[in-house]
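User: I'm new to this one and would like to learn how to read it. Could you walk me through it?

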Amino acid sequence: MREDICTIPISEVFENGDGCPICRMRKMLEDRIVDYILGAAMMEPDVRIETNRLGFCSNHLQQMMSRRNRLQLGLILETHLKEIENEVFKKGVFGLNNKKSAYSAARTVESCFVCDKVDFGMKSLIKTLFITYNNQLDFRETFRKQEFLCLPHYKLLCESAKEHLSKKPLSDFNEDILNLSKGYLQSLYNDVHKFTKMFDYRNSSDENADFSSVKNSIERAYDYLCAKGEETL
Ligand SMILES: [Zn+2]
Ligand SMILES: [Zn+2]
């Protein structure tokens, strides 16, 4: 697979868009990998060997089904299904002792080509993020201006910061991610609290009460808690 598919400039991610920057980074990576599989990768036999073996999780298969390239997806699935037939249901692996068949089925069900590549790409992007934070003071300003950091990505950065930063930048970084995640949590809590109050008879009958800013607070809580529905981190 072409290495540059997983290379996204950090500044491009952090300078554009709202929400959690790491969610945006992951989304960009996923989109690029899915585009690649359904496009240029059709001409690369080594990618097909891997997609045949690993298959796709339901999330990513749905993402591919929502694209236009149905023929490409059909060709990919055709050889993947053939491989399942050969590996999971080959002669002699099922019957009274079907351990090998079950093992083979489990391996296919639990693996995903896109998830594998996203995980690989994220590791390298997170490393680049720390290098940029360490070396470029103006990037730290951009970093602090993000809307928020979702909880799963707060966890990810919390756990990995120590490996990549020395004492002083580490302490600055920890303070920044705390502000981005805890600060947002507090405003989110207030909005969800107000949202629940909307259902209160006395408040809902108050025509002057302004609830416009809190109506999507449940969706925003979901994004904060679930990293926009990520299955793997
Ligand atoms: Zn996130
Ligand atoms: Zn997947």
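**Reading the zinc sites and a helix pair**

Analyst: Happy to. Let's begin with a metal site: the zinc ion (ligand 1) sits in a tetrahedral site, with angles of 99 to 113 degrees among its four donor atoms. Keep in mind that this is a predicted model.

User: Which protein atoms are the donors of the zinc ion (ligand 1)?

Analyst: They are Cys 20 (SG), Cys 23 (SG), Cys 150 (SG) and His 153 (ND1), at 2.0 to 2.3 Å from the ion. Along the chain, these donors follow the spacing C-x2-C-x126-C-x2-H. The pair Cys 20 and Cys 150 links distant parts of the chain, 130 residues apart. Cys 20 lies in the loop between α1 (10-15) and α2 (21-38), while Cys 150 lies in the loop between α8 and α9 (151-164).

User: Are Cys 20 and Cys 150 buried or exposed?

Analyst: Both are buried.

User: What does the site of the zinc ion (ligand 2) look like?

Analyst: This site is tetrahedral too, with angles of 101 to 113 degrees among four donor atoms. Here the protein donors are Cys 57 (SG), His 60 (ND1), Cys 112 (SG) and Cys 115 (SG), lying 2.0 to 2.3 Å from the zinc. Their spacing in sequence reads C-x2-H-x51-C-x2-C.

User: Why does His 60 count as buried?

Analyst: The general idea is a cut-off: buried means under 20% relative accessible area. His 60 has 2% relative accessibility, so it counts as buried. Cys 57 counts as buried as well, because its value is 13%.

User: Now the helices. How do I read the packing of α7 and α8?

Analyst: Look at the angle and the distance between the two axes. Helix α7 (residues 113-135) packs against helix α8 (residues 137-144) at about 115 degrees, and the axes are 6 Å apart. On the α7 side you'll find Leu 129, Thr 132, Tyr 133, Asn 134 and Asn 135; they meet Leu 137, Phe 139, Arg 140, Phe 143 and Arg 144 in α8. By type, the residues of this contact are five nonpolar, three polar and two charged.

User: Can we zoom in on one of them? What does Thr 132 touch?

Analyst: Sure. Setting aside neighbours within four places in sequence, Thr 132 is in contact with Ile 10 and Phe 139. The side chain of Thr 132 also reaches the backbone oxygen of Thr 128, at 2.6 Å.

User: And is Thr 132 buried or exposed?

Analyst: Thr 132, found in helix α7, counts as buried because its relative accessibility is 13%.

Key. Residues are numbered from 1 along each chain as its sequence is written. Chains are lettered from A and ligands numbered from 1 in the order in which they are written. This is a predicted model: local features need pLDDT of at least 70, side-chain atom pairs count only at pLDDT 80 or more; totals for chains, interfaces and linings use all residues. Side-chain values use heavy atoms; hydrogens and water are left out. Axes are lines fitted to C-alpha atoms, for helices over the stretch in contact, and angles run from 0 to 180 degrees between N-to-C directions. Helices (H or I, at least four residues) and strands (E, at least two) are DSSP runs, numbered from the N terminus. Contact means heavy atoms within 4.5 Å. Ala, Val, Leu, Ile, Met, Phe, Trp, Tyr, Cys and Pro count as nonpolar, Asp, Glu, Lys and Arg as charged, and the others, Gly among them, as polar. Donors are N, O and S atoms within 2.8 Å of the metal (3.2 Å for Na, K and Ca); water is not among the atoms, so sites may look incomplete. Four donors count as tetrahedral if all angles lie between 85 and 135 degrees; four count as square planar and six as octahedral if opposite donors are over 155 degrees apart and all others between 65 and 115; anything else is irregular. Buried means under 20% relative accessible area, exposed over 50%, partly exposed in between (1.4 Å probe, protein chains only). A polar contact is a pair of N or O atoms within 3.5 Å; within protein, one must be able to donate a hydrogen and the other to accept it, and residues adjacent in sequence count only if both atoms are side-chain atoms.
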